Amino acid sequence: EVQLVESGGGLVQAGGSLRLSCAASGFTFEDYGIGWFRQAPGKEREGVSCIRRSDGLTDYADSVKGRFTISIDNAKNTVYLHMDSLQPEDTAVYYCVAEEIKSYEPSFESTWCRRPHYLGSWGQGTQVTVSS
C-alpha cells in the first residue's frame, strides 16, 4: 500500500503562488498514476493535475491549464504541484492520490484525472486558501 503525505498548503493572496508536495512511499508495482485532486466546501472532489510515474506524462484540468505545473522527482518519490496566479476559486483542500496503472490499461491522458480512484491511496490533504 502506498503512503502519501501532502504539504505546502497555506494562505496566499490572489495572484500569488504555492508549491504543494506529495511525498510517497511503498511503491511496489510496475507503474502508478499520481494526481492532485481538490475539494471545496459544497463541491465534489475534482481532478486538478495528474502524472504517470513511468514516463512523466501529465494532464491538467482546464481550469488550471497554464497556471499549475505538476512534476515528479522519482529519486525522492515526491510529486509537486506548483501553482501560479492563484485565485479565490482555487481555495480547497488538495489531496494527493496514487493508484496502480496496469499494463493493459490503454490510456492515461484525459482519463486518469477524471476517475474517482476509489481503490487508490489517498493522503490526508493540505488546505489552500486564496484571499482576494
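**Arginine 45 and its rings**

I started with arginine 45, which lies over the face of tryptophan 122, 4.5 Å from the ring centre. Then I checked for a second ring and got one: the charged end of arginine 45 also sits over tyrosine 95, at 4.0 Å from the centre of that ring. Note to self: this is a predicted model, and I should keep that in mind for every distance I jot down here.

**Strand 4**

Next I looked up strand 4, residues 32–39. Is it covered or not, residue by residue? I found that seven of its eight residues are buried, so I wrote it down as mostly covered, with buried meaning under 20% relative accessible area.

Which strands does strand 4 pair with? I got strand 9, antiparallel, over eight bridges, and strand 5 (residues 46–52), also antiparallel, over six bridges. For one register point on the strand 9 side, I noted that isoleucine 34 has alanine 98 as its bridge partner. On the strand 5 side, arginine 38 stands opposite glutamate 46.

I also went through the hairpin that joins strand 4 and strand 5. There are six residues between the two strands, and glycine 42 takes a positive phi near 80 degrees there.

**Salt bridges**

How many salt bridges does the structure hold? My list came to six. The arginine 38 and glutamate 46 I had just written down turn up again here: Arg38, Glu46, Arg67 and Asp90 are linked in a network of salt bridges.

I took the arginine 67 to aspartate 90 bridge in that network by itself. The closest N and O atoms are 2.8 Å apart. Arginine 67 is in the loop between strand 6 (58–60) and strand 7 (68–73), while aspartate 90 is in the loop between strand 8 (78–83) and strand 9 (92–100), so this bridge ties together parts that are 23 residues apart in sequence. Buried or exposed? I looked up both ends: aspartate 90 is buried at 2% relative accessible area, and arginine 67 also counts as buried, at 17%.

Another bridge I checked joins glutamate 105 and arginine 115, with 3.5 Å from N to O. Both residues are in the loop between strand 9 and strand 10 (121–122), so the pair ties together parts ten residues apart in sequence. Glutamate 105 is partly exposed, with a relative accessible area of 25%, and arginine 115 is partly exposed too, at 28%.

Last bridge for this page: aspartate 62 with lysine 65, 3.1 Å from N to O. I put aspartate 62 down as exposed, because its relative accessibility is 65% and the cut-off is over 50%.

**Aromatic pairs**

I moved on to the rings. How many aromatic pairs are there? I got five. One of them is phenylalanine 27 with tyrosine 32, a tilted pair at 4.6 Å centre to centre and 55 degrees between the planes. Tyrosine 32 also pairs with phenylalanine 29, again tilted, at 6.0 Å centre to centre with 50 degrees between the planes. I therefore logged Phe27, Phe29 and Tyr32 as a cluster linked by ring pairs, each pair having its centres within 6.5 Å.

Which members of the cluster are buried, and which are partly exposed? Tyrosine 32 counts as buried at 3% relative accessibility. Phenylalanine 27 is buried as well, with a relative accessible area of 17%. Phenylalanine 29 is partly exposed, at 45%.

**Glycine 15**

Final lookup was glycine 15. Where does it sit? I placed glycine 15 in the loop between strand 2 (10–13) and strand 3 (18–25). Glycine 15 is partly exposed, since its relative accessible area is 46%.

What does glycine 15 touch, if I leave aside its neighbours within four places in sequence? I got contacts with Ser85, Leu86 and Gln87. I looked up proline 88 too: its C-alpha atom is separated from that of glycine 15 by 9.3 Å, and the two residues are 73 apart along the chain.

Notes:
Residues numbered from 1 in each chain as written. Predicted model: local features only at pLDDT ≥ 70, side-chain atom pairs only at ≥ 80, totals over all residues. Heavy atoms only, no water. Helix = DSSP H or I, 4+ residues; strand = E, 2+ residues; numbered from the N terminus. Buried < 20%, exposed > 50% of the residue type's maximum accessible area, 1.4 Å probe, protein only. Contact = heavy atoms within 4.5 Å. Phe/Tyr/Trp six-rings, centres within 6.5 Å; stacked < 30°, edge-to-face > 60°. Lys NZ or Arg CZ within 6 Å of the ring centre and 35° of its normal. Salt bridge = Lys/Arg side-chain N within 4 Å of Asp/Glu carboxyl O. Pairing = 2+ DSSP bridges.
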